[in-house]
Amino acid sequence: MKIQNVEKKPQQSEPYVCECKETHPDLVKKTQSQMPSIETLYDLSEFFKVFADSTRIRILCALFESEMCVCDIAELLEMGQSAISHQLRLLRTSHLVRTRREGKTVYYALDDEHIRLIFNQGLEHILHRRYSHDQKV
């Protein structure tokens, strides 16, 4: 049996990996002094996790137009009231929506204008990326 001599190619470095081993202490110190506390960053991470579900995103989008009760949201999204109630509970405990009771009906609305701004910024980013990608293709 004859073994072929296979020549190995030198490994190329990853295009987005810095090969520099030197740190920049002044930049690190300046950046560190501007960063929020680790607890605040953790809370921010938890806040953004709430946006990581398409049903919750659809509910928030629906509430842009008007406050709505569970029955109306369920009808709009073609889902069961139980599933909608579960998602609304998560949105409420995360302070993204608030409630208002009128008789036996509980209405849900966006908690404040920040929620709309955050949603719109994310949507703008997605549409911008999509539009930019479509132009390149």
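Okay, one bit of vocabulary before we start: two strands count as paired here if DSSP finds at least two bridges between them. Keep that in mind for the hairpin. And what you have on screen is a predicted model.

Let's start with the overall layout. The chain has six helices and three strands, and walking along the sequence you get α-α-α-β-α-α-β-β-α. There are 137 residues in the chain, and buried ones make up 19% of them. For the surface people in the room, the accessible area of the chain is about 11800 Å², with carbon and sulfur atoms accounting for 53% of it. On contacts, if you take the pairs at least 6 residues apart in sequence, 47% of them join residues at least 24 apart.

Now the sheet. It's an open sheet of three strands, with the order 1-3-2 and antiparallel pairing. Strand 1 and strand 2 are the edges, each pairing on one side only. As a reminder, strands of a sheet pair through backbone hydrogen bonds, either parallel or antiparallel.

How many bridges join strand 2 to strand 3? Six, with the two strands running antiparallel. If you want to find the register on screen, Thr-99 stands opposite Tyr-108 in strand 3, and Arg-101 has Val-106 of strand 3 as its bridge partner. These two strands form a hairpin with two residues between them. Look at Gly-103 in that turn: its phi is positive, about 65 degrees.

Over on the other side, two bridges join strand 1 to strand 3, again antiparallel. There, Cys-69 has Tyr-107 in strand 3 as its bridge partner.

Stay on strand 3 for a second and click on Leu-110, which lies in that strand. Buried or exposed? Leu-110 counts as buried, with a relative accessibility of 9%, and the cut-off for buried is under 20%. So who is around it? Ignoring neighbours within four places in sequence, Leu-110 is in contact with Leu-60, Leu-63, Phe-64, Leu-96, Val-97, Arg-98, Ile-115 and Arg-116. One more distance from there: the C-alpha atoms of Leu-110 and Leu-91 sit 9.3 Å apart, with their positions 19 residues apart along the chain.

Some of those contacts take us to helix 3. Leu-60, Leu-63 and Phe-64 are in the list of buried residues of helix 3, along with Thr-55, Arg-56, Ile-59 and Ala-62. Yes, there's an arginine in that list. The helix has twelve residues and spans 18 Å from first C-alpha to last, close to the 16 Å expected at 1.5 Å a residue. At the N-terminal end, Asp-53 acts as the cap, with a side-chain oxygen 3.0 Å from the backbone nitrogen of Thr-55.

Right, charges. Side chains of opposite charge can pair when their charged atoms come close. The structure holds four salt bridges, and I'll go through some of them.

The fun part is a network of salt bridges linking Glu-67, Arg-100 and Glu-102. Take the Arg-100 and Glu-67 bridge: N to O is 2.2 Å. Arg-100 belongs to strand 2, residues 97-102, while Glu-67 is in the loop between helix 3 (54-65) and strand 1 (68-69), so this pair ties together parts that are 33 residues apart in sequence. Then Arg-100 also bridges to Glu-102, where the closest N and O atoms are 2.8 Å apart.

How exposed are the members of this network? Arg-100 is partly exposed at 32% relative accessible area. Glu-67 is partly exposed too, at 29%, and Glu-102 also counts as partly exposed, at 46%.

Another bridge is the one between Glu-46 and Lys-49, at 2.9 Å, N to O. Both residues are in helix 2, residues 38-49, and being three residues apart there, they are separated by about one helical turn. Glu-46 is partly exposed, with 30% relative accessible area, and Lys-49 is partly exposed as well, at 48%.

To wrap up, the places to click are the strand 2 and strand 3 hairpin with Gly-103 in its turn, buried Leu-110, and the network through Glu-67, Arg-100 and Glu-102. Happy to rotate things around if anybody wants another look.

Conventions. Residues are numbered from 1 along each chain as its sequence is written. This is a predicted model: local features need pLDDT of at least 70, side-chain atom pairs count only at pLDDT 80 or more; totals for chains, interfaces and linings use all residues. Side-chain values use heavy atoms; hydrogens and water are left out. Helices (H or I, at least four residues) and strands (E, at least two) are DSSP runs, numbered from the N terminus. Buried means under 20% relative accessible area, exposed over 50%, partly exposed in between (1.4 Å probe, protein chains only). Contact means heavy atoms within 4.5 Å. Accessible areas come from the Shrake-Rupley method with a 1.4 Å probe; for residues, only the protein chains shown count as cover. A salt bridge is a side-chain nitrogen of Lys or Arg within 4 Å of a carboxyl oxygen of Asp or Glu. The expected span of a helix is 1.5 Å times one less than its number of residues. A polar contact is a pair of N or O atoms within 3.5 Å; within protein, one must be able to donate a hydrogen and the other to accept it, and residues adjacent in sequence count only if both atoms are side-chain atoms.
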